[in-house]
Amino acid sequence: MQGLELDADEADAIAELFNIGMGESAAALSGMVGEEVLMAVPSLRVQRRTDIIHGIPAGTAGRMCAVEERFSGPFSGDAMLLFTEAEGLALVRRLIPGDATTPGADEQDALTEIGNIILNGCLASFSNLIAGEVEGSVPGYRAGTAEEVIGHADDPVLTVSIDVALAAGDASGRVMFLLDIASRDAFRLAVRRLLEGAGGA
């Protein structure tokens, strides 16, 4: 893993940390839309934002929409809930009726609220697990091409990605946490403390 050497125990702990956090958020979303929310195993990678764009599944080269926020605490970075516009609309239609083909103000507000529940629920879970406060900014909505939404900064980030989907199969997206490499030492320290706590339990 270029620029961030994680041993197997650390990588497993990070994946489990995000898995637990996202599990609680997925349960909250499931209760909100009245439908099972499926969640993939978190994947970790150090990469540049341009590489993230290339890793978006085929068929999502059109317009994307995202709810994103900055988080800070023992480590810092950006959290993002990413959909194609079509799949974002499919998710919103579980909550509000309509026939618009692109997200209007109401749909953007609904997606922002969904993103708020998922991202901040996950960050709150992190805070509890690592016994350190992780605070998120107010989530914001953004739409455009993948490059416009994700950005093209050249600095590497540690990316944790979790694919999520409604059981009906018509609405899927990706939750991403882009951790600043500059805060990697603090992040690794938090992970090691988590491992030590688990070992001493």
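Me: Which residue takes a positive phi in the hairpin of E3 and E4?
Reply: Gly73 does, with a phi near 160 degrees. That hairpin has four residues between its strands. Keep in mind that this is a predicted model.

Me: How do you know that E3 and E4 pair?
Reply: Count the bridges. Two strands pair if DSSP finds at least two bridges between them. E3 and E4 are joined by eight, and the strands run antiparallel. One of the partnerships sets Met64 against Thr84 in E4.

Me: What makes E4 and E8 a pair?
Reply: The rule again asks for at least two bridges. E4 and E8 have six, in the antiparallel sense. Ala79 stands opposite Phe177 in E8.

Me: Why is E4 called mostly covered?
Reply: Look at its residues. A residue is buried when its relative accessible area is under 20%. In E4, eight of eight residues meet that.

Me: What makes the contact of Asp78 and Arg49 a salt bridge?
Reply: The nitrogen must lie within 4 Å of the carboxyl oxygen. Here the N to O distance is 2.7 Å, so the pair passes the cut-off. Asp78 sits in strand E4, residues 77-84, and Arg49 in helix H2, residues 49-54, so the salt bridge ties together parts that are 29 residues apart in sequence. Both Asp78 and Arg49 are buried.

Me: Which residues are linked with Asp78 in a network of salt bridges?
Reply: Arg49, Arg70 and Asp180 are linked with Asp78 in that network. The structure holds nine salt bridges.

Me: How do you know that Glu85 and Arg63 form a salt bridge?
Reply: Their side chains meet at 3.3 Å, N to O. The limit is 4 Å, so the pair counts. This salt bridge links distant parts of the chain, 22 residues apart: Glu85 is in helix H3 (residues 85-92), and Arg63 is in the loop between H2 and strand E3 (64-72).

Me: Why is Glu85 called buried, and what is Arg63 called?
Reply: Glu85 has 9% relative accessibility, so it counts as buried; the cut-off is under 20%. Arg63 has a relative accessible area of 46%, so it is partly exposed. The partly exposed range ends where exposed begins, over 50%.

Me: What makes Asp163 and Arg174 a salt bridge?
Reply: Their N to O distance is 2.7 Å, and the rule allows anything within 4 Å. The pair links distant parts of the chain, eleven residues apart: Asp163 is in strand E7 (residues 157-166) and Arg174 in strand E8 (residues 172-180). Asp163, at 34% relative accessibility, counts as partly exposed. Arg174 is buried, with a relative accessible area of 15%.

Me: How do you know that Cys65 and Cys122 form no disulfide?
Reply: Their sulfurs would have to lie within 2.5 Å. The sulfur of Cys65 is 19 Å from its closest cysteine sulfur, in Cys122, so the two are too far apart for a bond. The structure holds zero disulfides. Cys65 is buried at 1% relative accessible area, and Cys122 is buried at 0%.

Me: Why is Met39 called partly exposed?
Reply: Met39 has 29% relative accessibility, so it counts as partly exposed. To be buried, a residue must be under 20%. Met39 lies in strand E1, residues 37-39. Leaving aside neighbours within four places in sequence, its contacts include Asn19, Met22, Ile162 and Asp163. Met39 and Ala167 are 128 residues apart in sequence, and 9.9 Å apart in space from C-alpha to C-alpha.

Me: What makes H3 roughly perpendicular to H4?
Reply: H3 and H4 (residues 105-130) pack at an angle of about 80 degrees, with their axes 10 Å apart. Angles of 65 to 115 degrees count as roughly perpendicular, so H3 is roughly perpendicular to H4. Where they meet, H3 brings Gly88, Leu89, Leu91 and Val92. H4 brings Glu107, Ala110, Leu111 and Ile114.

Me: Why is H3 called largely enclosed?
Reply: Six of its eight residues are buried, so H3 is largely enclosed by the rest of the structure. Those buried residues are Glu85, Gly88, Leu89, Ala90, Leu91 and Val92. Their cover includes helix H1 (8-33), E3, E4, H4, strand E6 (140-144) and E7.

Terms used
Residues numbered from 1 in each chain as written. Predicted model: local features only at pLDDT ≥ 70, side-chain atom pairs only at ≥ 80, totals over all residues. Heavy atoms only, no water. Helix = DSSP H or I, 4+ residues; strand = E, 2+ residues; numbered from the N terminus. Buried < 20%, exposed > 50% of the residue type's maximum accessible area, 1.4 Å probe, protein only. Contact = heavy atoms within 4.5 Å. Axes fitted to C-alpha atoms, helices over the stretch in contact; angles between N-to-C directions. Parallel < 35°, antiparallel > 145°, perpendicular 65-115°, else oblique.
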